[in-house]
Amino acid sequence: MTALDILALDFDGVCCDGMREYFEASRRTHARVWPAEPMPAAARFDAFAALRPVILSGWEMPVLLRAIEQGRSAREILEEWERVRGQILAEGPLTGAPLIAQVGETLDEVRREWIAADPAGWLALHAPYSTVEELRRLVAEPGRTVLVTTKEGAFARLIFDHWAVRLADVQGKESGAHKCENLRGLIAAWVAAHGRRPRLAFVEDRLETLRHVTTHPDLADVRLFLAAWGYNTAAARATAAADPRIGLLTLGQFRCGLAAWPPDERPP
């Protein structure tokens, strides 16, 4: 792992713990999207944090908070989130894709207004899982380190700039691509510049995303790591540990740098 050309990192749950910000931004978004309902209480934070692993995309966070407000059980949300989410999206008067768009746009709007009014307060609710010095050393080890995230890239850049962590690129949700396409783009650019495929590793805290990558034969040489400290469950970590295609990466290994990461044990 010491000889790596490209390191692709997810943001939320890998580099940054922004749970306090996710919760408050979701509360404010909920108040705008469902104005007839009371703003969710601050006491909902613990339930929200415990259930955050079901989220695949940022727009789902206010929907998760709405499910908690409706009294849905933790077991129902953890085991049947897709169904629960679908029911909430069908409640009306705005439903389905238009409601998803409204929630996502409102969440981004809430963040922009918050940053404009209180940038220091907003930034303070985001913490790196490692020290910033460790993160700076890690991203400097490969030829290129790129952030690949479903968060709006501008928000992630603000946080990395605040930490003085320099990346080769930030590819946020505005790129409009699934992360597999982000990886393909990184590979193609490296091939064009260097005439060979890069040694590429991708760190993500969502097992579903990593397993989706494994279904694409053209990405078979990409090293995949599940961030064990991220927004995932014990079941997801156990599945990753048993999958020869996915390495289970601990926070201690992440903080120590590439030389400490698990080797690729697949046969050549």
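Two residues are in contact when heavy atoms of theirs lie within 4.5 Å. Keep that in mind for this predicted model. Take the contacts in the protein between residues at least 6 apart in sequence: 64% of them join residues at least 24 apart.

**Overall form**

The secondary structure comes to twelve helices and eight strands. The radius of gyration is 19 Å, and the globule rule gives 18 Å for 268 residues, so the protein is as compact as a globular protein of that length. The C-alpha trace spans about 55 × 40 × 35 Å along its principal axes.

Buried residues make up 49% of the 268 residues. About 11900 Å² of the protein is exposed, and carbon and sulfur atoms supply 55% of that area. Charged side chains number 32 positive and 36 negative. The centres of these two sets lie 2 Å apart.

**The cores**

In soluble globular proteins, nonpolar side chains tend to be buried together. Here the largest nonpolar core has 60 residues. Those with the most contacts inside this core are Leu9, Phe48, Leu64, Trp81, Val203, Phe254 and Trp261. Which helix gives the most to this core? Helix 3, residues 60-69, does, with six residues.

Apart from this core lies another, of 21 residues. Phe202, Leu207, Leu226 and Ala236 are among them.

Trp81 shows what such a core residue touches. Beyond its neighbours within four places in sequence, Trp81 is in contact with Val54, Ile55, Glu60, Val63, Leu64, Ala67 and Glu76.

**Four residues and their places**

The next residues are set out by place and by accessibility.

| Residue | Place | Relative accessible area |
|---|---|---|
| Leucine 147 | strand 4 (144-148) | 0%, buried |
| Arginine 206 | loop between strand 6 (200-204) and helix 10 (207-214) | 8%, buried |
| Aspartate 12 | loop between strand 1 (6-9) and strand 2 (16-17) | 11%, buried |
| Alanine 164 | loop between helix 8 (153-163) and strand 5 (169-171) | 31%, partly exposed |

Why do leucine 147, at 0%, arginine 206, at 8%, and aspartate 12, at 11%, count as buried? Buried means under 20% relative accessible area. Alanine 164, at 31%, counts as partly exposed, because that class runs between 20% and 50%.

**Leucine 147**

Start in strand 4, with leucine 147. The C-alpha atoms of leucine 147 and aspartate 10 are separated by 5.9 Å. Along the chain these two are 137 residues apart. Not counting residues up to four places away in sequence, leucine 147 touches Leu9, Asp10, Phe11, Cys15, Ala156, Phe160, Leu167, Asp169, Val170 and Gln171. One of these, Leu9, is listed with the most contacts inside the largest nonpolar core.

**Aspartate 12 and arginine 206**

Now move to the loops. How far is the C-alpha atom of aspartate 12 from that of glycine 230? They are separated by 7.9 Å, although the two residues are 218 apart along the chain. Aspartate 12 is in contact with Tyr22, Arg52, Thr149, Lys151, Asp205 and Tyr231, leaving aside neighbours within four places in sequence.

Tyr231 appears again for arginine 206. With residues up to four places away in sequence left out, arginine 206 touches Pro53, Val54, Ile55, Leu56, Leu226 and Tyr231. Val54 and Ile55 are also contacts of Trp81. Leu226 belongs to the core of 21 residues.

**Backbone geometry**

Most residues other than glycine have a negative phi, and most peptide bonds are trans. Two spots here deserve a look. Alanine 164 has a phi near 60°, a positive value in a residue other than glycine. The peptide bond from glycine 92 to proline 93 is cis, with omega near 5°. Where does proline 93 lie? The loop between helix 4 (74-89) and helix 5 (96-117) holds proline 93.

Key. Residues numbered from 1 in each chain as written. Predicted model: local features only at pLDDT ≥ 70, side-chain atom pairs only at ≥ 80, totals over all residues. Heavy atoms only, no water. Helix = DSSP H or I, 4+ residues; strand = E, 2+ residues; numbered from the N terminus. Rg over C-alpha atoms; globule rule 2.2 N^0.38 Å. Buried < 20%, exposed > 50% of the residue type's maximum accessible area, 1.4 Å probe, protein only. Areas by Shrake-Rupley, 256 points an atom, 1.4 Å probe, with all protein chains shown as cover. Lys, Arg positive; Asp, Glu negative; His and termini not counted. Charge placed at Lys NZ, Arg CZ, Asp CG, Glu CD. Core = buried A, V, L, I, M, F, W, Y, C linked by side-chain atoms within 4.5 Å.
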